[in-house]
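Biologist: Please show me the chain and its fold. I should then like to put some questions about the arrangement.

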Amino acid sequence: MPIHDTSLAYALQLRFRGVASRSYRVTEFQAQRLQQILEDGPGNMFVLETAEHQVAIAPSALLAVNILWEPAALIADHGLDPTFDHPVLAYFLQSPEPTKIEVDPDMPSGQIGSEDHQPGQLAELLEVLEVGGPERFHTILDADGEKVMLSIHDLMLLEVPRIYLEPARYAAFVDANDQA
């Protein structure tokens, strides 16, 4: 799901049950999409593209949303380098601190659109969260190859650094750092 407009002209300030507010820079398209999803009523989690993350959000865990048309006042560019220093963050109901999950970037297999195409585990997790389903837990592998089982029904927010979902961008980043 590519960002439709490259100008990140809006900011979202999201207030969740039990955790501090989270803020994200987004395009006008993503801000309008969020508003429409929330106005349509409760449903499954949905995935929102931000400047630095893809974020899965449980609408039932939201207390308030502020859509700001002047994001500079709220969000400074943190200049985050897309490295393993920025793990996947999972926020659960009744837990004030996020669970940090160190993972390897997605490496999908096969050609997109072909029968043998398999998305990477993070893209698959985001899809499972957005589409919904009967499973109570979803399992991913951490950077050490160990299983991490996430309680889908207790998850209210999942932040995945976008570079982990973009193999070509990640490879370019690694190459640039290897040459430095």
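The exchange below takes up the model, its sheets and one strand.

Modeller: This is a predicted model, in which local features need pLDDT of at least 70 and side-chain atom pairs count only at pLDDT 80 or more, while totals for chains, interfaces and linings use all residues. Residues are numbered from 1 along each chain as its sequence is written, and side-chain values use heavy atoms, with hydrogens and water left out.

Biologist: What average pLDDT does the chain have?

Modeller: pLDDT is the predictor's confidence in each residue, from 0 to 100. Residues 75-84 stay under 50, and residues 1-5 are below 50. Of the residues in the chain, 79% score at least 70, and the average pLDDT is 80.

Biologist: How many helices and strands does the chain have?

Modeller: Both are DSSP runs numbered from the N terminus, helices being H or I with at least four residues and strands E with at least two. Read along the sequence, the pattern is β-β-α-β-β-β-β-β-α-β-β-β-α. The secondary structure thus comes to three helices and ten strands.

Biologist: In what order do the strands of the five-stranded open sheet stand?

Modeller: Two strands pair if DSSP finds at least two bridges between them. β3 (46-49) and β7 (99-101) each have a single partner strand, so they stand at the edges with one side lacking a neighbour in the sheet. β3 pairs with β4 (residues 53-57) over four bridges in the antiparallel sense, with E49 bridged to Q54. The pairing in the sheet is antiparallel, and the order is β3-β4-β10-β6-β7.

Biologist: At about what angle does helix α2 run to β10?

Modeller: Axes are lines fitted to C-alpha atoms, for helices over the stretch in contact, and angles run from 0 to 180 degrees between N-to-C directions. Helix α2 (residues 121-131) lies across β3, β4, β6 (88-92) and β10 (155-161), and its angle to β10 is about 150°.

Biologist: Which strands stand at the edges of the three-stranded open sheet?

Modeller: This sheet has the order β2-β1-β5, with antiparallel pairing. β1 (residues 10-16) is joined to β2 by five bridges, and Q13 has S23 as its bridge partner in β2. Each edge strand has a single partner, so one of its sides is left without a neighbour in the sheet; the edge strands are β2 (22-26) and β5 (62-68).

Biologist: Which side chains of strand β8 point to the buried face?

Modeller: Side chains alternate along β8 (residues 137-141), and those of F137, T139 and L141 point to the face that is not buried. Buried means under 20% relative accessible area, exposed over 50%, and partly exposed in between, with a 1.4 Å probe and protein chains only. H138 counts as buried because its relative accessibility is 6%. The side chains on the buried face are those of H138 and I140.

Biologist: With which residues is H138 in contact, leaving aside neighbours within four places in sequence?

Modeller: Contact means heavy atoms within 4.5 Å. H138 has its place in strand β8. Its contacts are E124, L125, V128, V148, M149, L150 and I152.

Biologist: Which residue in the turn between β8 and β9 has a positive phi?

Modeller: β8 and β9 (residues 147-151) run antiparallel and are joined by five bridges, and F137 stands opposite S151. The two strands form a hairpin with five residues between them, and the phi of about 85° belongs to G145.
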